[in-house]
Amino acid sequence: MKKYALVIHGGAVTMKPDELSPAEEAAQRKGLAEALQAGWEILHRGGPALDAVEAAVRALEDNEHFNAGRGSGLTQQGEVKMDAAIMDGRTLNAGAVSAVPYVQHPISLARAVMEHSPHVCLAELGALELALEKGLAVKPPSYFLTEKTRQQWLEIVQKEGTQNMHDTVGAVALDQDGNLTVATSTGGIEGQLKGRVGDSPIIGGGTYASNDSCAVSCTGDGEVIMRGALAHEVHALVKHKGLPLAQACQAAIALRDDELKGDKGMIAIDHHGNIALEFNTNLMRRAYRVGTGEPVVAMWKDE
């Protein structure tokens with residue numbers, strides 16, 4: 001059987017262990033395992049990597065324990081505005097959406113942009129109109145308002161600022177035909193200003209895939225990741241310098257660290273089936289499965 005693999009993440013952040021309750025940690029581990037299974041089954045059957053990463057990210061978007069889709073953080077105004085991107089490493093086609101409201105699965109909308117529009121990225125109402133045109137599921141604001149995000153928003157309002165919470169979800173895959181793909185989705189930073197765009201929908205910023213190198217999905221401080229074009233940095237180091245995948249990810253995370261300080265994490269897979277899960281935080285929710293090997297789910301740095 002040909003090589004195939006799936007790697008997913010649910011966000012990287014620096015936090016104290018006692019800030020994450022045992023119940024929340026268990027729920028996140030379960031969510032990672034379920035999302036991994038959803039995408040892996042497609043690859044195992046010989047399906048395309050595009051379908052696999054979309055399925056994995058959709059599962060995370062449906063899970064209120066992750067900052068994407070239903071679990072998205074609230075803006076300063078108490079609204080949900082989501083970003084997502086998907087990229088096909090075979091063709092370099094890509095689709096992205098930014099600041100989109102109401103859409104249950106922003107990653108599927110990003111794929112619709114890629115496959116049914118002449119553009120790479122659509123924002124806010126333009127993206128929403130495409131979702132309605134294509135019959136994608138939309139939900140009322142109450143669907144996205146969880147008790148967790150409501151409490152976080154109340155704390156932000158009281159402190160008159162933003163929180164250092166910037167979780168993202170993402171997936172990278174290699175299918176049995178040798179194609180690489182990536183998908184990334186996020187609710188952004190809790191308390192972000194209206195109109196803020198993070199790194200996730202920026203092709204080359206937080207999301208990139210090319211069959212001649214690798215597929216990369218980033219998480220962490222979006223502004224820092226954008227300024228370093230970190231997903232493309234990994235691609236360039238693999239393609240042009242010939243660095244092994246994990247080493248390329250480590251180098252991208254360390255890139256000009258004096259100027260690009262912040263939480264940074266990434267998952268990646270190359271065309272040989274090598275995988276990498278690298279981060280400079282003490283927590284990155286992550287999972288992977290290579291071929292018919294055992295699935296692996298981990299969260300803390302020392303796992």
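**View 1. α3 and α4 sit roughly perpendicular to each other.** The two helices, α3 and α4 (residues 124-133), pack at an angle of about 85°, with 10 Å between their axes. Axes here are lines fitted to C-alpha atoms, for helices over the stretch in contact, and angles run from 0 to 180 degrees between N-to-C directions. Angles of 65 to 115 degrees count as roughly perpendicular, under 35 as roughly parallel, over 145 as roughly antiparallel, and the rest as oblique. This is a predicted model, so to speak of a local feature takes a pLDDT of at least 70 and side-chain atom pairs count only at pLDDT 80 or more, while totals for chains, interfaces and linings use all residues. Residues are numbered from 1 along each chain as its sequence is written, and side-chain values use heavy atoms, with hydrogens and water left out. Helices (H or I, at least four residues) and strands (E, at least two) are DSSP runs, numbered from the N terminus. On the α3 side you'll find L109, A112 and V113, which meet A127, L130 and A131 of α4. By class, that contact has six nonpolar, no polar and no charged residues. Ala, Val, Leu, Ile, Met, Phe, Trp, Tyr, Cys and Pro count as nonpolar, Asp, Glu, Lys and Arg as charged, and the others, Gly among them, as polar. Contact itself means heavy atoms within 4.5 Å.

**View 2. α1 and α2 run roughly antiparallel.** The axes of α1 (residues 22-44) and α2 (residues 49-61) come within 8 Å and cross at roughly 160°. α1 goes past α2 in a right-handed crossing: the near helix is turned clockwise from the far one by less than a right angle, whereas anticlockwise would make it left-handed. From α1, the residues G31, A35, A38, G39, I42 and L43 meet A49, D51, A52, A55, A56, A59 and L60 from α2. Sort the residues of this contact by class and you get ten nonpolar, two polar and one charged.

**View 3. α2 also packs on α3, and α2 is mostly covered.** Here the axes come within 8 Å and cross at roughly 145°. L50, D51, E54, V57, R58 and E61 of α2 meet P106, I107, S108, R111 and M114 of α3. This contact splits into five nonpolar, one polar and five charged residues. Ten of the 13 residues in α2 are buried, among them L50, E54, V57 and E61. Buried means under 20% relative accessible area, exposed over 50%, and partly exposed in between (1.4 Å probe, protein chains only). Besides α1 and α3, the strands β1 (5-13), β2 (82-88), β5 (169-174) and β6 (180-186) pack against these buried residues. Lengthwise, the end C-alpha atoms of α2 are 18 Å apart, in agreement with the 18 Å that its 13 residues should span. The expected span is 1.5 Å times one less than the number of residues.

**View 4. α8 (residues 230-241) and the glycine that follows it.** With twelve residues, α8 reaches 15 Å from its first C-alpha to its last, close to the 16 Å expected. Its buried residues are L230, A231, V234, H235, A236, L237 and V238. Among the elements covering them are β7 (207-209), β8 (214-220), α7 (222-228), α9 and β9. Next along the chain comes G242, with a positive phi near 70°.

**View 5. Two loop residues, Y102 and R256, have a positive phi.** Most residues other than glycine have a negative phi. Y102 isn't a glycine, yet its phi is about 70°. Look for Y102 in the loop between β3 (94-100) and α3 (106-116); its relative accessibility is 39%, so it counts as partly exposed. R256, with a phi near 40°, is in the loop between α9 (245-253) and β9 (264-270). At 56% relative accessibility, R256 counts as exposed.

**View 6. I267 is buried in strand β9.** Its relative accessible area is 0%. Not counting residues up to four places away in sequence, I267 touches V7, I8, H9, G170, A171, V172, A215, V216, S217, A276, L277 and M284.

**View 7. C121 in strand β4 (residues 121-123).** C121 is partly exposed, at 39% relative accessibility. Leaving out neighbours within four places in sequence, C121 is in contact with A96, V97, S98 and V113. How far apart in space are C121 and C214? From C-alpha to C-alpha, they're 22 Å apart, with their positions 93 residues apart in sequence.
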